[in-house]
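Reader: Before we discuss the fold, please show the sequence and the model. I shall then put my questions one at a time.

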Amino acid sequence: MPGICSLRKGTARIMEKLLLIHSTKEIQLQVKNVASRLKLALDIIPEEYCGCRLQELAAGKYAQNPPDAVTLGSTAAEGTTPSDSVAAEGTVPAQADAGVSVAQTPPRLLILCGLRDKRLDKVLFELRRADIPVDYKAILTPSNKEWTVPELMKELQRERQAMGK
């Protein structure tokens, strides 16, 4: 029975594209403008698909099967909200520690897929030049293609913490 994230082996061919996750309409428009100038595809990933594997998101296979209550329930159990894992690790913003109520929003994430060398450099340069407020950028690799968005976010947060930023 195919689920929300079904993808048959060998069917995914990743083209050059950007995946934008947990973003505002303003950021979506900014990234769309950059992607358009560079002739890149842009997929804005809805929250309910964050439990899918990165490879499936990049291949666009996630949208072929609409979410159902059973799949979403299992996705929620996997912890699809990165801010939940952040709070559990004790990295809650200082304002919340001080007793000030702060609404936590998931970190904005941009995943670059299928880009090579100079093309990757050009995309990163244009994103930096446009001053788009994205919290994390990642590249889809053979090592992380089987990860979900929460798994990637956990690793990115761990790396950032290790670097002392």
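Author: In what follows, helices (H or I, at least four residues) and strands (E, at least two) are DSSP runs, numbered from the N terminus. The model is a predicted one.

Reader: Which residue takes a positive phi just after α7?

Author: α7 covers residues 149-162. Just after α7 there is a residue with a positive phi of about 75°, and that residue is glycine 164.

Reader: How far apart are the end C-alpha atoms of α7?

Author: α7 has 14 residues, and at 1.5 Å a residue these should span 20 Å. The model agrees with this expectation, because the end C-alpha atoms of α7 are separated by 20 Å.

Reader: Over what arc around the axis do the buried residues of α7 extend?

Author: Buried here means under 20% relative accessible area. In α7 this applies to Val149, Pro150, Leu152, Met153, Leu156 and Gln157. They lie on the same side of α7, because around the axis they cover an arc of only 155°.

Reader: Which element gives the most to the largest nonpolar core?

Author: The largest nonpolar core has 20 residues, of which Leu57, Leu109, Ile111 and Val149 touch the most other members. At least two residues of this core come from each of β1 (17-21), α2 (54-59), β3 (109-113), β4 (136-139) and α7. With four residues, the element that gives the most is α7.

Reader: Which residues of α7 does leucine 109 touch, residues up to four places away in sequence not being counted?

Author: Leucine 109 touches Leu19, Leu20, Ile21, Val134, Tyr136 and Ala138, among others. The buried residues of α7 include Val149, Leu152, Met153 and Leu156. These four also appear among the contacts of leucine 109: Val149, Leu152, Met153 and Leu156.

Reader: How many residues belong to the other core that lies apart from the largest one?

Author: In soluble globular proteins, nonpolar side chains tend to be buried together. Leu18, Ile27, Leu40 and Leu127 are among the members of the other core, and its residues number 16.

Reader: Which residues of β3 are buried on the side opposite Leu109, Ile111 and Cys113?

Author: β3 is mostly covered, with five of its five residues buried. Both faces are covered: Leu109, Ile111 and Cys113 are on one side, and on the other are Leu110 and Leu112.

Reader: Which residue of β3 is the bridge partner of leucine 20?

Author: β1 and β3 run antiparallel and are joined by five bridges. In β3, leucine 20 has as its bridge partner leucine 110.

Reader: Which residue of β4 is the bridge partner of leucine 110?

Author: β3 and β4 run parallel, joined by four bridges. Together with α6 (117-129), these strands make a right-handed β-α-β unit. Along β4 the side chains alternate, with Tyr136 and Ala138 buried on one face and Lys137 and Ile139 pointing to the other and not buried. The bridge partner of leucine 110 in β4 is lysine 137.

Reader: What arc around the axis do the buried residues of α1 cover?

Author: Helix α1 comprises residues 25-37, and its end C-alpha atoms are 18 Å apart, in agreement with the expected span. Its buried residues are Ile27, Gln28, Val31, Val34 and Ala35. They are on the same side of α1, because the arc they cover is only 130°.

Reader: Against which elements do the buried residues of α1 pack?

Author: The face turned away from the buried side of α1 carries the exposed residues Lys25, Glu26, Leu29, Lys32 and Ser36. The buried residues, by contrast, pack against β1, β2 (41-45), β3 and α6.

Reader: Is histidine 22 buried or exposed?

Author: Histidine 22 is in the loop between β1 and α1. Its phi is positive, about 60°, although it is not a glycine. The cut-off for a buried residue is under 20% relative accessible area. Histidine 22 has 13%, so it is buried.

Reader: Is lysine 39 buried or exposed?

Author: Lysine 39 lies in the loop between α1 and β2. Its phi is near 55°, a positive value in a residue other than glycine. The relative accessibility of lysine 39 is 73%, so it counts as exposed.

Reader: What distance separates the C-alpha atoms of aspartate 131 and glutamine 30?

Author: Aspartate 131 is in the loop between α6 and β4, and at 62% relative accessibility it counts as exposed. Aspartate 131 and glutamine 30 are 101 residues apart along the chain, and their C-alpha atoms are separated by 9.0 Å.

Conventions. Residues numbered from 1 in each chain as written. Predicted model: local features only at pLDDT ≥ 70, side-chain atom pairs only at ≥ 80, totals over all residues. Heavy atoms only, no water. Core = buried A, V, L, I, M, F, W, Y, C linked by side-chain atoms within 4.5 Å. Buried < 20%, exposed > 50% of the residue type's maximum accessible area, 1.4 Å probe, protein only. Contact = heavy atoms within 4.5 Å. Expected span 1.5 Å × (residues − 1). Arc of directions from axis to C-beta. Pairing = 2+ DSSP bridges. Right-handed = clockwise from strand over helix to strand, strands pointing away.
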